[in-house]
Amino acid sequence: MLLSFRTIMRLLTHNMLTSHVKGVTNGYPLKLQAENIKVMSVDFNPEFVARMIPKLEWQALIQAAESIGHLGDLPRELMPEYESNEEFLKMAHHVLMEVEVIEGNLECPETGRKFPIKNGIPNMLLNEDEV
Amino acid sequence: MRLKELESYLQEVETFEEPKVLLEQYPTSPHIAAHMLYTMQTQYSDVEGKLVADLGCGCGVLCAGAAMLGAGACVGFDIDEDALSMCQSNCTDLELDSIHLVQADVTHMHTCPGRWHKAFDTVIMNPPFGTKKNWGIDMIFLRTALDMATESVYSLHKTSTRQHIKKKAKEWNVSMEAIAELRFDLPAMYKFHKHKSVDIEVDFIRFSFPSK
């Protein structure tokens with residue numbers, strides 16, 4: 001039953017997640033450890049992708065995509081006028097929206113504390129002593 | 001998509017099997033959800049092509065509606081694993097690709113928004129209203145939502161709190177517009193409810209930011 005679930009932890013979400021455990025000053029980016037990955041097909045909306053890019057930490061995206069073997073030809077640096085470069089936007093769309101991590105962990109770069117990913121949903125809940 | 005169509009699609013969203021009392025879990029009715037989302041899009045263009053957040057997404061009725069109206073992506077946040085699991089199976093059944101889910105405590109996000117700060121165009125929610133145990137939780141959800149949105153926040157609040165919210169909105173320098181007055185007819189889901197259903201007057205409010 002687990003295998004047929006559509007899963008929802010994609011790299012767009014990953015790019016925004018931080019460890020907020022008390023005392024941690026450098027909780028970003030979380031190291032992505034994926035045990036199970038799926039690639040899906042999502043409608044491409046170039047204007048939307050172009051608007052998302054300024055919100056992203058581009059290097060964190062590159063790092064995460066590379067760590068799970070799905071970087072492809074996505075450029076490591078943003079080029080000028082990327083907003084009108086449809087080929088680039090398509091690649092960005094693929095990496096942000098079409099690669100799903102089903103099971104795995106997100107590891108805090110400072111403490112090594114793992115936030116589990118189950119059924120594609122990252123669990124960012126903190127324990128009582130971490131708040 | 002027409003309003004009636006949206007409402008009938010949202011009727012397909014499966015809801016809580018065993019709603020948790022402490023989390024004030026109940027589904028936003030397809031009728032109300034459809035009206036909310038339809039207004040958000042037709043009157044304010046706040047859904048299509050936008051990055052939307054749903055705080056306390058539950059089974060995902062509002063997320064589903066946003067996705068059906070063409071949101072670029074909708075991120076649903078909820079503390080409860082069972083609700084998220086239900087939300088996810090709804091996404092699968094209804095073939096909604098643009099919904100992302102995160103298990104998180106919204107009341108903690110209020111103090112540590114991290115990279116979610118001003119990340120979304122639009123935030124939509126049907127927040128917990130607050131009971132004796134967590135009085136004030138509706139305002140915490142609202143505060144968090146306003147922190148996360150750049151354009152607008154759409155929320156439901158008890159009409160009895162309207163004056164208090166007006167005061168807070170002024171304090172926080174946000175514009176507030178009560179778009180509609182609704183009546184929630186909450187069925188007696190919980191064993192301790194004495195009556196068959198409870199009628200609550202609720203405001204559908206749009207918050208936005210005066211020109212930056």
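**Entry 1: a lysine in a loop**

I opened with Lys20(B), which is partly exposed at a relative accessible area of 28%. Before going on, I reminded myself that this is a predicted model. I then looked for a charged partner and found Asp82(B): the two form a salt bridge, with their closest N and O atoms 2.6 Å apart. Lys20(B) sits in the loop between helix 1 and helix 2 of chain B while Asp82(B) belongs to helix 4 of that chain, so this pair ties together parts that are 62 residues apart in sequence.

I also looked up the total and got 15 salt bridges over all chains.

**Entry 2: the same loop, a nonpolar spot**

I stayed with the loop between helix 1 (3–10) and helix 2 (30–42) of chain B, where Leu22(B) is found. Is Leu22(B) buried or exposed? I read a relative accessibility of 67%, so Leu22(B) counts as exposed. Leu22(B) has company: with Leu23(B) and Ile79(B), it forms a nonpolar patch on the surface, and together they have about 270 Å² of accessible area.

**Entry 3: an arginine with two partners**

Next I went to Arg183(B), which is exposed, with a relative accessible area of 51%. Which residues does its side chain meet in salt bridges? One is Asp199(B), at 3.0 Å from N to O. Here Arg183(B) in strand 6 (residues 175–187) of chain B is linked with Asp199(B) in strand 7 (residues 197–208), 16 residues apart. Asp199(B) is itself partly exposed, at 45%.

The other partner I found is Glu201(B), where the salt bridge spans 3.4 Å from N to O. This pair also links strand 6 and strand 7 of chain B, its two residues being 18 places apart. I noted Glu201(B) as partly exposed too, with a relative accessible area of 43%. Over in chain A, salt bridges that share partners join Lys31(A), Glu107(A) and Lys114(A) into one network.

**Entry 4: a helix on the inside**

Then I turned to helix 3 (residues 61–68) of chain B. Eight of its eight residues are buried, so the helix is largely enclosed by the rest of the structure. I went along the residues by name: Val61(B), Leu62(B), Cys63(B), Ala64(B), Gly65(B), Ala66(B), Ala67(B) and Met68(B) are the buried ones.

What covers them? My list includes helix 1 and helix 2, along with strand 1 (51–55), strand 2 (73–78), strand 3 (99–103) and strand 4 (120–125), in chain B. After the helix comes Gly70(B), and its phi is positive, near 90°.

**Entry 5: looking for disulfides**

How many disulfides does the structure hold? I found zero over all chains. I wanted to know why, so I checked two cysteines.

The sulfur of Cys74(B) has its closest cysteine sulfur in Cys63(B), 3.5 Å away, which is too far for a bond, because the cut-off is 2.5 Å. Cys74(B) is buried, with a relative accessible area of just 1%. For Cys112(B), the closest cysteine sulfur is in Cys108(A), at 13 Å, so that is too far for a bond as well. Cys112(B) is partly exposed, with 31% relative accessibility.

**Entry 6: a buried asparagine**

I looked next at Asn90(B) in helix 4 (residues 81–93) of chain B. At 4% relative accessibility, Asn90(B) counts as buried. Its side chain reaches the backbone oxygen of Cys59(B) at 3.1 Å. Leaving out residues up to four places away in sequence, Asn90(B) touches Glu12(B), Val13(B), Glu14(B) and Cys59(B).

**Entry 7: a buried aspartate with partners in two chains**

My last stop was Asp121(B), placed in strand 4 of chain B. Asp121(B) is buried, at 5% relative accessible area. Which groups does its side chain reach? At 3.0 Å I found a polar contact with the side chain of Arg51(A), and at 2.8 Å the backbone nitrogen of Leu51(B).

Asp121(B) and Leu51(B) are 70 residues apart in sequence, yet their C-alpha atoms are 5.4 Å apart in space. Setting aside neighbours within four places in sequence, I noted further contacts of Asp121(B), among them Lys55(A), Lys50(B), Ala149(B) and Ser152(B).

Key. Residues numbered from 1 in each chain as written. Chains lettered and ligands numbered in written order. Predicted model: local features only at pLDDT ≥ 70, side-chain atom pairs only at ≥ 80, totals over all residues. Heavy atoms only, no water. Buried < 20%, exposed > 50% of the residue type's maximum accessible area, 1.4 Å probe, protein only. Patch = residues over 30% accessible without salt bridge, like charges linked within 9 Å, V, L, I, M, F, W, Y side chains within 5 Å. Areas by Shrake-Rupley, 256 points an atom, 1.4 Å probe, with all protein chains shown as cover. Salt bridge = Lys/Arg side-chain N within 4 Å of Asp/Glu carboxyl O. Helix = DSSP H or I, 4+ residues; strand = E, 2+ residues; numbered from the N terminus. Polar contact = N/O pair within 3.5 Å; in protein donor to acceptor, adjacent residues only side chain to side chain. Contact = heavy atoms within 4.5 Å.
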